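Me: I would like a close look at a single part of this protein. Please take the sheet, strand by strand, and then the residues packed around it.

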Amino acid sequence: MVYMRPHELDIKLYKNGAPSFPARVTRINPAGSWAKVTTRTNDGQEVLVDLSLDEYERLSLTEGADVHIYPKN
């Protein structure tokens with residue numbers, strides 16, 4: 001098991017060649033200065049990702065969207 005803070009993760013709509021894992025968006029809370037995006041991996045693990053509001057708007061995420069999660073560092 002690995003723990004990463006939600007702000008240390010990034011979401012992309014497509015694989016870009018860097019190590020990542022697929023997930024599906026299950027909830028979105030764009031309140032405040034961060035959009036809190038809850039995802040579920042293929043093996044059922046819940047992963048929370050904090051995105052800036054600019055990044056959230058650029059991605060146009062919706063619940064049910066398939067995404068790829070990347071560590072920032």
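Reply: What follows goes from the overall layout to the sheet, then to the core and a few single residues.

The model is predicted. It has one helix and five strands. From the N terminus on, the order is β-β-β-β-α-β. The radius of gyration is 11 Å, which agrees with the value near 11 Å for a compact globule of 73 residues. Along the principal axes, the C-alpha atoms fill a box of roughly 30 × 25 × 25 Å. Of the 73 residues, 33% count as buried. Take the contacts between residues at least 6 apart in sequence: 60% of them join residues at least 24 apart.

Now the sheet. Its five strands are arranged in the order E1-E5-E2-E3-E4. The sheet is open, and the pairing is antiparallel. E1, residues 9–12, and E4 stand at the edges. Each has a single partner strand, so one side of each lacks a neighbour in the sheet. Direction ignored, neighbouring strands are turned by 45 degrees against each other on average.

Start at the E4 edge. Strand E3 covers residues 34–41 and strand E4 covers 46–52. Seven bridges join the two, which run antiparallel. One bridge pairs Thr38 with Leu48 in E4. The two strands form a hairpin, with four residues between them. Gly44 sits in that turn and has a positive phi of about 90 degrees.

Trp34 belongs to E3. How far is the C-alpha atom of Trp34 from that of Glu46? The separation is 18 Å, although the two residues are 12 apart along the chain. Trp34 has a relative accessible area of 38%, so it is partly exposed. Beyond four places in sequence, Trp34 touches Asn29, Asp50, Leu51, Ser52 and Leu53.

Turn to the other edge. Four bridges join E1 to E5, residues 66–71, and these strands also run antiparallel. Leu9 has Pro71 in E5 as a bridge partner. Asp10 lies in E1 as well. Is Asp10 buried or exposed? Asp10 counts as buried, because its relative accessibility is 16% and the cut-off is under 20%. The Asp10 side chain makes a polar contact with the side chain of Lys12, at 3.2 Å. Leaving out residues up to four places away, Asp10 touches Val49, Leu51, Glu55, His68, Ile69, Tyr70 and Lys72.

Next, the core. The largest nonpolar core has 15 residues. Ile11, Val49, Leu51, Leu61 and Ile69 touch the most other members. Two or more residues each come from E1, E2 (21–29), E3, E4, H1 and E5. E4 gives the largest share, three residues.

Leu51 deserves its own view. Outside its neighbours within four places in sequence, Leu51 is in contact with Asp10, Ile11, Trp34, Ala35, Val37, Tyr56, Leu59 and Leu61. Asp10 and Trp34, both described above, are thus among the contacts of Leu51.

One loop residue completes the picture. Ser60 lies between helix H1 (53–59) and E5, in the loop. Ser60 is not a glycine, yet its phi is positive, about 50 degrees. With a relative accessible area of 57%, Ser60 is exposed.

Methods: Residues are numbered from 1 along each chain as its sequence is written. This is a predicted model: local features need pLDDT of at least 70, side-chain atom pairs count only at pLDDT 80 or more; totals for chains, interfaces and linings use all residues. Side-chain values use heavy atoms; hydrogens and water are left out. Two strands pair if DSSP finds at least two bridges between them. Axes are lines fitted to C-alpha atoms, for helices over the stretch in contact, and angles run from 0 to 180 degrees between N-to-C directions. Buried means under 20% relative accessible area, exposed over 50%, partly exposed in between (1.4 Å probe, protein chains only). A nonpolar core is a set of buried Ala, Val, Leu, Ile, Met, Phe, Trp, Tyr and Cys residues joined through side-chain atoms within 4.5 Å. Contact means heavy atoms within 4.5 Å. A polar contact is a pair of N or O atoms within 3.5 Å; within protein, one must be able to donate a hydrogen and the other to accept it, and residues adjacent in sequence count only if both atoms are side-chain atoms. The radius of gyration is taken over C-alpha atoms; the globule rule is 2.2 Å times the number of residues to the power 0.38.
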